Amino acid sequence: MSTATQQSPTIREKVQSVINLIRPAVQADGGDIELVDVTSDGVVQIRFHGACHGCPSSTMTLQMGIERNLREKVPEITAVVPVA
């Protein structure tokens, strides 16, 4: 009989799961998002790719879509910031 313990997902894994759910909508507009890092104080760093990189609407997408979803599903998140 196995005594393997089930570990709960890390904050980074939770964040990546949410990004994976959001990604198809971003890709439908010709862009993509990449999880760069999650800092110890709960700041998520993401990078935009494709059509999202430099798009004026990417700030709105970040705040209203990505950040809202992440903070709702991963309460440990304090902020979401884009990095170059």
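**Strand pairing, nonpolar core and salt bridges in a predicted model**

In this predicted model, I46 stands opposite P82 in strand β3. The strands β2 (residues 43-50) and β3 (residues 79-82) pair in the parallel sense over 4 bridges, where pairing requires that DSSP finds at least two bridges between two strands. Together with helix α2, these two strands, β2 and β3, make a right-handed β-α-β unit; a crossover is called right-handed if, with the strands pointing away from the viewer, the path from the first strand over the helix to the second runs clockwise. Residues are numbered from 1 along each chain as its sequence is written, and side-chain values use heavy atoms, with hydrogens and water left out. Because the model is predicted, local features need pLDDT of at least 70 and side-chain atom pairs count only at pLDDT 80 or more, whereas totals for chains, interfaces and linings use all residues.

The protein contains 2 helices and 3 strands, and from the N terminus on these elements run α-β-β-α-β. Helices (H or I, at least four residues) and strands (E, at least two) are taken as DSSP runs and numbered from the N terminus. Along its principal axes, the C-alpha trace spans about 55 × 25 × 20 Å. The accessible surface comes to about 5500 Å², of which 54% belongs to carbon and sulfur atoms, with areas obtained by the Shrake-Rupley method with a 1.4 Å probe and, for residues, only the protein chains shown counted as cover. Of the 84 residues, 30% count as buried, a class defined as under 20% relative accessible area, with exposed set at over 50% and partly exposed in between (1.4 Å probe, protein chains only). Contacts are defined as heavy atoms within 4.5 Å, and among those between residues at least 6 apart in sequence, 46% join residues at least 24 apart.

The largest nonpolar core holds 18 residues, of which V15, V44, I46, I66 and V80 touch the most other members; such a core is a set of buried Ala, Val, Leu, Ile, Met, Phe, Trp, Tyr and Cys residues joined through side-chain atoms within 4.5 Å. The elements α1, β1, β2 and α2 (58-73) each supply at least two residues of this core, and the largest share, 5 residues, comes from α1. For V44, when its neighbours within four places in sequence are left aside, the contacts are V15, L35, D37, V38, L70, I77, A79, V80 and V81.

Contacts between the two helices can be followed from V18 and N69. V18, which has its place in helix α1, is buried with a relative accessible area of 5%, and V18 touches N69, L70, K73 and V74 when residues up to four places away in sequence are not counted. N69, found in helix α2, likewise counts as buried, at 18% relative accessibility, and with the exclusion of residues up to four places away in sequence N69 touches V18 and I22. V18 and E72 are 54 residues apart in sequence, while their C-alpha atoms are 10.0 Å apart in space.

Salt bridges were assigned where a side-chain nitrogen of Lys or Arg lies within 4 Å of a carboxyl oxygen of Asp or Glu, and by this rule the count comes to 6. One of them joins D37 and R12, with the closest N and O atoms 3.8 Å apart. Because D37 lies in strand β1 (residues 31-38) and R12 in helix α1 (residues 11-28), this pair ties together parts that are 25 residues apart in sequence. Both partners are partly exposed, D37 at 32% relative accessibility and R12 with a relative accessible area of 39%. A further salt bridge is formed by E34 and R47, whose closest N and O atoms are 3.3 Å apart. Since E34 belongs to strand β1 and R47 to strand β2, the pair ties together parts 13 residues apart in sequence. Here, too, the partners are partly exposed, with relative accessible areas of 29% for E34 and 24% for R47. E72 forms a salt bridge with K73, the closest N and O atoms being 3.8 Å apart; in this pair E72 is exposed, with a relative accessible area of 54%, whereas K73 is partly exposed at 42%.
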